[in-house]
Amino acid sequence: MPTGTLLLIDDEARLRQLLAQVLELEGYTVLQAPDAYRGLALLSQHAAEVLVVLSDVKLPDGHGVELLPRYRAAAPLAEVVLLTAFGTIPDGVKAMKLGAFDYLTKGDFEQQLVVVVERAAEKARLQRRVAELEKRVGQRHSFESMIGEAPALRRAQHLARQVAPTDSTVLLEGPTGAGKELFAQALHEASARKSKPFVAVNCSAFPRDLLESELFGYKKGAFTGALTDKKGLLEEASGGTLFLDEIGELELNVQAKFLRVLEMQQFTKLGDTKPTSVNVRLVAATNRNLKLEAAEGRFRPDLYYRLSVFTILVPSLKERATDVPLLADFFLRHFAVRLAKRLPGLAPEAGAALQAYPWPGNVRELKNVLERAAILAPAGELVSLDYLPEEFQSGARPVFAADDDSLRALEAKHIKRLMEELAGSKPEVARRLGIGLTTLYRKLQEYGLED
């Protein structure tokens with residue numbers, strides 16, 4: 001049975017109550033109002049619940065068709081069905097143009113009304129699901145979703161927030177794997193273009209002879225094999241944001257075409273004689289020193305100066321080492337959910353090793369390391385050093401001083417005493433400790449007590 005809330009606005013009390021009873025028998029909750037003023041008040045109060053507004057066209061204080069924009073403004077995700085005793089074609093056409101779901105003539109139409117209301121309600125439910133998904137995507141790609149508190153990251157976020165609402169071109173500089181695409185997505189989500197496409201292109205992922213046609217498109221017959229017109233990624237991004245990662249890989253002739261895009265918002269497709277206009281914001285990223293590349297003739301200086309209107313340095317993970325524990329915890333929880341495995345967290349020595357590592361591959365490398373560890377670690381145990389790659393285990397095992405009263409030192413001393421007392425019988429030591437034999441072997445290795 002259908003469920004949901006409807007709003008019925010009609011000044012004929014008997015008809016309004018009859019329609020409400022019919023719809024309530026179908027499973028709906030029906031709010032009622034005798035005029036536009038009270039109807040709009042109810043709609044504003046219950047905007048999050050109302051799926052469909054059913055409004056009479058001729059109300060004491062307004063005309064239903066003229067009220068349509070106000071209904072839509074009060075509840076953007078609700079659908080509106082107009083009811084009238086004397087329908088006219090001009091009114092019906094105008095109502096549909098203003099966004100009405102349907103325009104029904106009163107009479108013996110109860111069954112028709114139920115069908116129309118259910119269709120309108122289903123559309124409204126779908127719109128709510130889409131809006132919720134878009135909200136989640138926006139949250140995932142927002143500046144607030146970025147994990148870390150390091151000053152270098154905060155400086156980059158501060159600059160990005162300032163430029164995000166504008167249409168200015170942004171150049172993101174930083175090492176591979178530092179999260180430049182995440183910054184580009186956050187810039188898009190914080191801009192007025194967020195409802196339009198975000199198109200990401202890795203310039204190093206395409207063969208150089210194909211990149212131009214992928215970006216700009218081509219006309220049928222432009223070259224052998226061009227059997228139809230092709231829309232390029234620039235056109236796909238029109239109205240939104242085009243993110244060019246590794247822009248330093250562009251050939252000089254393609255750079256010249258992009259310069260025209262930035263200056264004129266126009267380009268000419270392969271095989272075409274007329275320019276194509278677009279409305280696109282460009283965010284570019286590079287791990288190279290483009291200023292040096294331009295000085296040495298490997299990058300067009302004029303394009304570099306157009307790109308570097310607003311430059312943001314995305315810090316390497318080494319520059320934000322204090323964020324490693326936060327990121328490691330996030331990735332470990334993420335992979336635990338994906339693997340349907342309970343992983344309580346990182347063992348202290350594993351966390352220390354992660355924070356001391358220089359991370360040449362940056363956040364991307366950290367994510368890969370934690371995925372591997374989550375796969376290898378037994379469910380229910382802390383992820384120890386043993387489940388990290390070899391390069392994390394090259395350091396010396398911890399040595400505890402005689403007066404070290406830390407919990408780990410006391411545990412190591414207790415295990416050592418039991419090993420001596422029980423003549424090295426590992427099954428018996430594990431039984432006395434109340435842990436599994438595998439866990440004991442790990443702890444013996446962890447504390448340097450294997451021998």
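What span should the 13 residues of helix H1 (residues 13-25) have at 1.5 Å a residue, and how far apart are its end C-alpha atoms? In this predicted model, the expected span of H1 is 18 Å, and the end C-alpha atoms are 18 Å apart, which agrees. The buried residues of H1 are Arg16, Leu19, Ala20 and Leu23. They lie on the same side of the helix, because the arc that they cover around the axis is only 105 degrees. Arg14 and Leu25, on the other side of H1, are exposed. Just after H1, the backbone of Gly27 adopts a positive phi of about 110 degrees.

Two further helices were examined in the same terms. In helix H2 (residues 36-45), Ala36, Gly39, Leu40 and Leu43 are buried. These residues cover an arc of only 95 degrees around the axis, and therefore occupy the same side of H2. Exposed residues on the other side of H2 are Tyr37 and Gln45. Helix H6 (residues 151-163) comprises 13 residues, and the distance from its first C-alpha to its last is 19 Å, close to the 18 Å expected at 1.5 Å a residue. Ala152, Leu153, Ala156, Gln157, Ala160 and Val163 are the buried residues of H6. Their arc of only 130 degrees around the axis puts them on the same side of H6. Pro151 and Arg155 are exposed, and are carried on the face of H6 turned away from its buried side.

The largest nonpolar core contains 29 residues, and those with the most contacts inside it are Leu215, Leu242, Leu244, Leu250 and Phe258. Both helices and strands contribute to this core: at least two residues each come from strand E9 (198-202), helix H8 (208-216), strand E12 (241-245), helix H10 (252-264), strand E15 (281-286), helix H11 (290-295) and helix H12 (301-307). The most is given by H10, which supplies five residues of this core.

The analysis then turned to empty space. The largest pocket holds about 860 Å³ of space. Its lining consists of 28 residues, and Gly179, Leu182, Phe331, Val363 and Lys367 are those that lie nearest the centre of the pocket. By class, twelve of the lining residues are nonpolar, eight are polar and eight are charged. At least two lining residues each are supplied by helix H7 (180-189), helix H13 (324-339) and helix H15 (362-376). The most is given by H7, with five residues in the lining of the largest pocket.

Positive phi values also occur in residues other than glycine. Trp359 has a positive phi near 55 degrees and is placed in the loop between helix H14 (348-356) and H15. The relative accessibility of Trp359 is 2%, so this residue counts as buried, the cut-off being under 20%. Asn362, which is not a glycine, likewise has a positive phi, of about 60 degrees. This residue belongs to helix H15. With a relative accessibility of 2%, Asn362 counts as buried.

A further buried position is found in strand E6 (residues 79-84), which includes Val80. Val80 has a relative accessible area of 1% and is therefore buried. A distance of 9.0 Å separates the C-alpha atoms of Val80 and Tyr103, which are 23 residues apart along the chain.

Key: Residues numbered from 1 in each chain as written. Predicted model: local features only at pLDDT ≥ 70, side-chain atom pairs only at ≥ 80, totals over all residues. Heavy atoms only, no water. Helix = DSSP H or I, 4+ residues; strand = E, 2+ residues; numbered from the N terminus. Expected span 1.5 Å × (residues − 1). Buried < 20%, exposed > 50% of the residue type's maximum accessible area, 1.4 Å probe, protein only. Arc of directions from axis to C-beta. 1 Å grid on protein atoms, 1.4 Å probe; cavity = no way out; pocket = protein on both sides within 12 Å on 5 of 7 lines; lining within 4 Å. Points joined across faces, edges and corners; volume = space filled by probe spheres on them. Nonpolar A, V, L, I, M, F, W, Y, C, P; charged D, E, K, R; others polar. Core = buried A, V, L, I, M, F, W, Y, C linked by side-chain atoms within 4.5 Å.
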